[in-house]
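Student: I've got this model open and I'd like to go through the labels people put on such things. Can you help me see where each one comes from?

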Amino acid sequence: MVGSGVLLSILDRSRTRTGIDDAAALTATVDRAINAEELGFHRFWVAEHHGVPGIASGAPAVLLAAIGARTSKIRLGSGGVMLPNHQPFVVAEQFAMLEALYPGRIDAGVGRSLGFTEPVRAALRTPRDAPDTFVADLDELMHYLDGTGPVTVRPAVPPPPVYVLATGQGLAIASKAGLPVVVGGPLLKSDGAALEIYRKNFRATERNPQPSVLVSLDITIADTAERAAELVLSEAWAMAQSRRTGEFPPLEPASDIDLGAAPIRVRERVERSIATGVHGTPAAVAAAVEELLVRTGADEILASTSTYDRAALLDADAALMSLFQASLSN
């Protein structure tokens, strides 16, 4: 049964579209969060990307504050704040502020990725050869949030939960810190052994007595397989272009993409990108998601779907929630 006992959430990256100003991407993110709350999604997360033409979200805390003002109950968080770009104390202050404004609704998802290009990394003062301080930064952040740091974070509020985005050694770091983990990409194609190691080595804490796994992937549902394939093409094409040019571009309409005329390497990248997600009719998606849940033992799905057609994106969100609700009612 798809979704039985599994939470369902959304990660929105504020994707820009060709011919549309960036501000519209942020407005669309807020509107999608409102819609997600009405549909019954558990949480709504936003991302951090700097200097990327295809993504308008560079300041998650600011965007979350705007979303919080327009919603009332859905959990809100970051997927994630990249600790190499920030002082842990400042991150703690930002999320304490959000927790004070929207009590009991805030999540602090953190990651360790650097900027996408060398100029961005230079602007962020995080060169590629900078020492990896993520473990220490994470520990420092946790102490500030729980009130045991050398400086008291204000406003003083109960600490929001912290999640680790599992890139590189993220699973081992999360298990040692006793924190829930968010996984995606190649890990979702594995046999689940890495996740079992995470669970086996998990150091339980009072706040997190059990390990918890959130899986993040694109899930696109449409009435037909052909329509679903059309919807996912824009994101896959942008991903393939980023590998070719080094710059992640805005989404283009599927009708403007001539995949047949593209170099074979680009076509292969598009195919690989599409293969990392799940798309198709409700029945096909239900089967694929069920297999994923069985293989990973995930506690929650974080759908990171992006489409050029914003109306179709909201329809896909509604279809996904309907899929889970139908399973829960059986």
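Tutor: Sure, and let's begin with residue classes: Ala, Val, Leu, Ile, Met, Phe, Trp, Tyr, Cys and Pro count as nonpolar, Asp, Glu, Lys and Arg as charged, and the others, Gly among them, as polar. Keep in mind that this is a predicted model. With those classes, the lining of the largest pocket splits into 21 nonpolar, 21 polar and eight charged residues.

Student: What is the volume of the largest pocket, and which residues are closest to its centre?

Tutor: The volume comes to about 1500 Å³. The lining has 50 residues, and R13, H49, G185, M239 and R243 are the closest to the centre. By the class rule, Arg counts as charged, Met as nonpolar, and Gly as polar.

Student: Which elements give two or more residues to that lining?

Tutor: They are β7 (181-183), β8 (213-217), α8 (225-245), α9 (264-275) and β10 (278-280). The largest share is six residues, and α8 provides it.

Student: What about the second largest pocket: how much space lies in it, and what lines it?

Tutor: It holds about 370 Å³ of space. Its lining has 17 residues, with L138, D139, M142, A177 and L179 nearest the centre. Two or more lining residues come from each of α5 (134-145) and α6 (170-177). The largest share, six residues, belongs to α5. By class, this lining has nine nonpolar, four polar and four charged residues.

Student: On to helices. What makes α2 roughly parallel to α3?

Tutor: Helix α2 (residues 60-70) and helix α3 (residues 88-101) pack at an angle of about 5 degrees, and their axes are 10 Å apart. Angles under 35 degrees count as roughly parallel, so α2 is roughly parallel to α3.

Student: How do you know that α2 and α3 meet, and through which residues?

Tutor: Contact means heavy atoms within 4.5 Å. A61, L64 and A65 in α2 meet Q94, F95 and L98 in α3. The residues of this contact are five nonpolar, one polar and no charged.

Student: Why are α3 and α5 called oblique?

Tutor: Their packing angle is about 40 degrees, with the axes 9 Å apart. The parallel label needs an angle under 35 degrees, and the roughly perpendicular one runs from 65 to 115. The angle of α3 and α5 fits neither range, therefore the pair is oblique. As for handedness, α3 passes α5 in a right-handed crossing.

Student: Which residues make that contact, and what classes do they fall into?

Tutor: On α3 they are P88, F89, V91 and A92, and on α5 they are D137, E140, L141, Y144 and L145. That gives seven nonpolar, no polar and two charged residues. Asp and Glu count as charged, which means D137 and E140 supply the two charged ones.

Student: And α6 with α7: what makes them roughly parallel?

Tutor: α6 and helix α7 (residues 193-200) pack at about 20 degrees, with their axes 8 Å apart. The cut-off is under 35 degrees, so α6 and α7 are roughly parallel to each other. Their crossing is right-handed. In the contact, L171, A174 and S175 of α6 meet A194, L195 and Y198 of α7. Those residues divide into five nonpolar, one polar and no charged.

Student: Now the backbone. How do you know that the peptide bond from G79 to G80 is cis?

Tutor: Look at omega, which is near 0 degrees for the bond from G79 to G80. G80 sits in the loop between β3 (75-78) and β4 (81-82). Another cis peptide bond joins R154 and P155, with omega about 5 degrees. P155 belongs to the loop between α5 and β6 (162-165).

Student: What is phi of S14, and where does S14 lie?

Tutor: Phi of S14 is near 55 degrees, a positive value in a residue other than glycine. S14 is in the loop between β1 (7-12) and α1 (22-39).

Note on methods:
Residues are numbered from 1 along each chain as its sequence is written. This is a predicted model: local features need pLDDT of at least 70, side-chain atom pairs count only at pLDDT 80 or more; totals for chains, interfaces and linings use all residues. Side-chain values use heavy atoms; hydrogens and water are left out. Axes are lines fitted to C-alpha atoms, for helices over the stretch in contact, and angles run from 0 to 180 degrees between N-to-C directions. Helices (H or I, at least four residues) and strands (E, at least two) are DSSP runs, numbered from the N terminus. Angles under 35 degrees count as roughly parallel, over 145 as roughly antiparallel, 65 to 115 as roughly perpendicular and the rest as oblique. On a 1 Å grid over the protein atoms alone, a cavity is a set of points where a 1.4 Å probe fits but cannot get out, and a pocket is an open set with protein on both sides within 12 Å along at least five of seven lines; lining residues have an atom within 4 Å of a point. Grid points are joined across faces, edges and corners, and a volume is the space filled by probe spheres set on the points. A crossing is left-handed if the near helix is turned anticlockwise from the far one by less than a right angle, and right-handed if clockwise.
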